[in-house]
Structures are given as C-alpha cells and as structure tokens.
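Student: I have a new model open and would like to learn how to read its features. Could we go through it together, one feature at a time?
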Amino acid sequence: MFSCTAEMDKSTSFLCWAAFFIILHSGIRSQPIYENYKEDCLITNRTDSYYREIYDREIFLENYVNTLEKELNICRDTPAETFTSRSPTLSQDLSLGVRGKRFLVLFMKHFKSATKNVYVTSEKGVQINITTSTRLDPSLKMQIDMNLNIPSSHHFIFPKNIELKYFEKEFKSVLIETSDDVFVVSLDGGGATVDVTTNIPIHKLSTRYVAITVQPSSLKSQLAVAALENNTTISIRFRMKQNTSLDIEGNNYYNDDVFIFSLDRFETYQIAHTTDLTGTFIESSNPIAAFSGNDCTELNGGKYCDHLLEQLPPTDTIDKTYIVPPNSDGRDTIIRITATKLSDIYYMIGTVFQTRLLGGYDFFDIRISSNQSCYIKSTEPVLVTGFGLHSNSSRLGDPSMTIVPGINQYLNYYKIPIPTGYVHNIVSIMIKTSSKAFIRINDKIVNANDIVFKDSVSDGNVTYSVVSILVTQGELKALTLDGERFGVMVSGIRRDEAYGFSGNSLLP
C-alpha cells in the first residue's frame, strides 16, 4: 500500500485515472466489506475456459479497483502530513503499547505441574538473549539462559521448576532482551488449567500497582513481584474481602495492614491467601514487575477450576473509558471495575445504563452474557478486568482472566501469537464504526463467515463497533488501512480450559 506524501497530487492523479480506466473498460461494481459479489453472480454452467479466464480477470480487477478507491478516499480525506504519522508500518508506531526490547517474566504457583511457555513475535526476526540471575540454581539456569536468532515468531518452553513458591525470596525471574521491538506473552498451563498474560516491557514498568484476584473456591488467590534493581523496597497494603489474617514469616496481617520487604535484582516474592485480594496496593522504591491472579478457581460455581494470571499495568497507565466484548460459546463474563481513587462510574449494557460511586481501591462486578457488550466510563482512571466463565451449553471453556484495554490504549497495528491446540480462537476488535471497513486481518478483509458476534456502542457522539472473529493458530497481524486505532482482545477455548489476553494494556 502507499502513503500520502508531498507528492500526493501526482499519486491522486494516477489513482484517479487508473480507477477510471479500469471501471470504464470492465464494468466492475465495488465489493462489499464482507462479501464477494461475483461469487453469487457466477453462472455455474459456463465452464468454457474462455469464460473462466474472463471471470478470474474480473475478480482480480474488482479487488484491485476496490483497493485503489479506498486508498484514494483516504488521501482525499486526510492531509499528507497527518496520514504519514499514523501509518501502521512506521517504526514510531511499532514502539507503542506493550511492544519493547526488554521484559522481566515470572511464573506464579500453579496447582498442577504446568508447562511454562513464552511466545515472542517480531516484525522480521530478532536476536534474543535470555538470562537469569547468577544466584539462581545452576542446574536450572543452564536450562534457561540462551542467545539465538529467531524468526518472526518463536515459542519457548521453560523448565517447570522456574515456578515461584509461596512466601519465599527466590531468584526466579527471567530477563528477555531482543535486538528490536517484540510482543511477548506467557502461557502457564497443563492438565486442563491454563491462562495467558501479555507481558509489559521494562521501560514501561513503574512503582505503583493494584492487584486483581477473585475469591478462591478451594485454593489460593496470589500476587507476585520481581525486582529490577538491588535494594528495592516494596510495601504491600492488603485489601481483603474477608478480613481473615494472613501469616507472613510469623506475623499476622489483616485488611489495610502493610507488609514491607526488600528484593535484589531478579529476586522474586509471592504472596497467597484464602480470600480475594483485589484492591491490594503495591508500591516500590524502584520500578518492579507485578503479577496477580489465582492458583486455580472454579469462579461463580463452575464445575472445574482454571489458573488465572495477569501481569499488572502500572496505575498511571490505566484509562477512564472502556468497551468490554463478550466471551464466545455460551460463556458469560464477569467484569470487575477497580478504582484507584474516588470515582463516579457510568456503565451501559444494551440500552440500560447505571451509575456507581466507588472509593479508592474498592471494586464491583458486572455480568454480561455471550451476546452482550458493555460500555464503561469513569471520572477517574479505573482498572477493568474480564473474567470469562465456563460455558452454559458445553464443556468448552473454563475461567479465564484478561485486563481490558481502554479506548485511549488502542493501537493501529498488532502482531500477536495465537496459541496452538484450541478448538476456537477468537479475536475481539473494538473500533470506530466509521473505520470498520478498513480492518485487515493478516492482510485480508474479514470473512463474514468468521464473525461470531457483532454489536455497537456509543462514546458520546462516536459510535464504536464490537466484532468477534474466529482466527487460526499462529501469527496474527491486525491493522487498519486508514490508521485508526482499535482495541484487541484474544481468547481461546477447548474442553474444560480457556485463556485470554489483550493486545495492549497501557496508555501509549
């Protein structure tokens, strides 16, 4: 595709004449976004090779003219200097969001012997260096540390013993460094219990986080931190849904109590409890990586538990406005809204809207079905998390946890991994309706047969479309031809198991 520059007049002139010439001589009609008009109009009894060649040529010309017309409209409506700055292929855009060159990864406790997976995607292949602390057990370190060149995507499997233990200081974080910007997700799973988190690059880490968990059904809620620098002081102010004591190193901690400790570079610490720790505030003297979730939980009366895992975005990078898509295959979604300060919350499901006043580090839940979406707006930044539930109609799926991107966290380009081995992988897109026609998935127009959900919501005078699309495993590239930003959430299900992650969870 081309971009508009100072030579836009020449490009526009060429495109006008090219489109006029082809339309004049082929009588082609424009192609709808999700349909192929000629497929319906082909007369099946014309099998003669001559007519077949004419048909193939018309299809080619139709697609070509359609592309030219759309790009010409972009140039007409968009000044050259602004369009160039919004191009999804430029390096300045590729540095936005959670893409980066350095990541600090850890794996919280999993109640089963789970495989520790890391997926890395890049634009054109990178050199990658994976290192651990010199104070890690040498037998474990030699299984992890490596330096190699990888193609545009690569799947790493780390040893299971890199998993953290409760209430122990350990040197179990893993540093991933690359020669160019990459997108990294961690998948921790095995034995029909799994979850995925989008990892946050080191240059976007900070010193303030709020933990998100759910009430454990039988096992534990948990949170974990990893330090980047020596002598990092960390304080954790507990919020406990049930004010039961938490024993740490022989001391009992209750709701609103503060636990203070220090970590050195690459050192980790994990806390677990039998109650919901949502709203627990984490603060540190130096930037740290923070994670939270649950060892395994049934969530809302489900029959089977699943691991919940998210790397937490810093509180200064969260948004005020969100659109939450549903989960698929009969899976309801619990939407948790957590405030960082006193906030007025407005939310709408369908045509029904409600308001709620929420204190700092308090939270409340909303539930939507698999054919509903939700619009949320707050007077102050809030953290929104979606918990997918087990299916109402089958054994597909189980609890999953995903940080929802706010509309000011949307990007205009994503290249992400779709994990292997799932019955359904779904990408949900939230985009201004005026730009829906410009979405491309792996450089193709969205196929109508792959759409499993459609809805629209309004943010003031702007209407957004919510579209959930079936996709295949492997690399997925999503962009808009007009450079408009959009949100991406990914989920996957198979029997008694589900995962979820977002394409971005930070303000650009």
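Tutor: Gladly. Let's begin with empty space: the largest cavity has a volume of about 140 Å³. Keep in mind as we go that this is a predicted model.

Student: How does one find such a space to begin with?

Tutor: Rolling a probe the size of a water molecule over the atoms shows where empty space is left. Here, the structure holds 1 cavity of 30 Å³ or more.

Student: Which residues are closest to the centre of the largest cavity?

Tutor: Its lining has 16 residues, and those closest to the centre are P325, P326, N327, T402 and M489.

Student: Which strands each supply at least two residues of that lining?

Tutor: Strand 23 and strand 24 do, and so do strand 26 (424-432) and strand 31 (486-494).

Student: And how do the lining residues divide into nonpolar, polar and charged?

Tutor: There are 7 nonpolar and 9 polar residues in the lining of the largest cavity, and no charged ones.

Student: Strands 23 and 24 came up just now. How should I read a sheet?

Tutor: Strands of a sheet pair through backbone hydrogen bonds, either parallel or antiparallel. In this case 4 strands make an open sheet, ordered 21-18-23-24, with antiparallel pairing. Strand 21 (363-368) and strand 24 (400-403) are its edges, each pairing on one side only. On average, neighbouring strands are turned by 20 degrees against each other, direction ignored.

Student: How many bridges join strand 18 to strand 23?

Tutor: Between strand 18 (residues 331-339) and strand 23 (residues 382-391) there are 8 bridges, and the two run antiparallel. To see one of the pairings in your viewer, go to I337, whose bridge partner in strand 23 is V384.

Student: Now for charges. What is the general idea behind a salt bridge?

Tutor: Side chains of opposite charge can pair when their charged atoms come close. A search of the whole structure here finds 19 salt bridges. One of them involves the sheet we just discussed: the side chains of R336 and D365 meet at 2.8 Å, N to O. R336 lies in strand 18 and D365 in strand 21, so this salt bridge ties together parts that are 29 residues apart in sequence.

Student: Are R336 and D365 buried or exposed?

Tutor: R336 has a relative accessible area of 5% and is buried, whereas D365, at 37%, counts as partly exposed. The cut-off for buried is under 20% relative accessible area.

Student: Which other salt bridge links distant parts of the chain?

Tutor: Take R208 and E283, whose side chains meet in a salt bridge at 3.0 Å, N to O. R208 belongs to strand 8 (residues 206-210) and E283 to strand 15 (residues 281-297), 75 residues apart. R208 is partly exposed, with a relative accessible area of 36%, and E283 is also partly exposed, at 30%.

Student: How far apart are the closest N and O atoms of R237 and D256?

Tutor: They are 3.6 Å apart, and the two residues form a salt bridge. R237 sits in strand 10 (residues 232-237), while D256 is in the loop between strand 12 (251-253) and strand 13 (258-263), so the pair ties together parts 19 residues apart in sequence. R237 is partly exposed at 37% relative accessible area, and D256 is partly exposed at 43%.

Student: Which residues are linked in a network of salt bridges?

Tutor: K116, E163 and D188 are linked in that way. Try selecting these residues in your viewer as a last exercise.

Notes:
Residues are numbered from 1 along each chain as its sequence is written. This is a predicted model: local features need pLDDT of at least 70, side-chain atom pairs count only at pLDDT 80 or more; totals for chains, interfaces and linings use all residues. Side-chain values use heavy atoms; hydrogens and water are left out. Two strands pair if DSSP finds at least two bridges between them. Axes are lines fitted to C-alpha atoms, for helices over the stretch in contact, and angles run from 0 to 180 degrees between N-to-C directions. On a 1 Å grid over the protein atoms alone, a cavity is a set of points where a 1.4 Å probe fits but cannot get out, and a pocket is an open set with protein on both sides within 12 Å along at least five of seven lines; lining residues have an atom within 4 Å of a point. Grid points are joined across faces, edges and corners, and a volume is the space filled by probe spheres set on the points. Ala, Val, Leu, Ile, Met, Phe, Trp, Tyr, Cys and Pro count as nonpolar, Asp, Glu, Lys and Arg as charged, and the others, Gly among them, as polar. A salt bridge is a side-chain nitrogen of Lys or Arg within 4 Å of a carboxyl oxygen of Asp or Glu. Buried means under 20% relative accessible area, exposed over 50%, partly exposed in between (1.4 Å probe, protein chains only).
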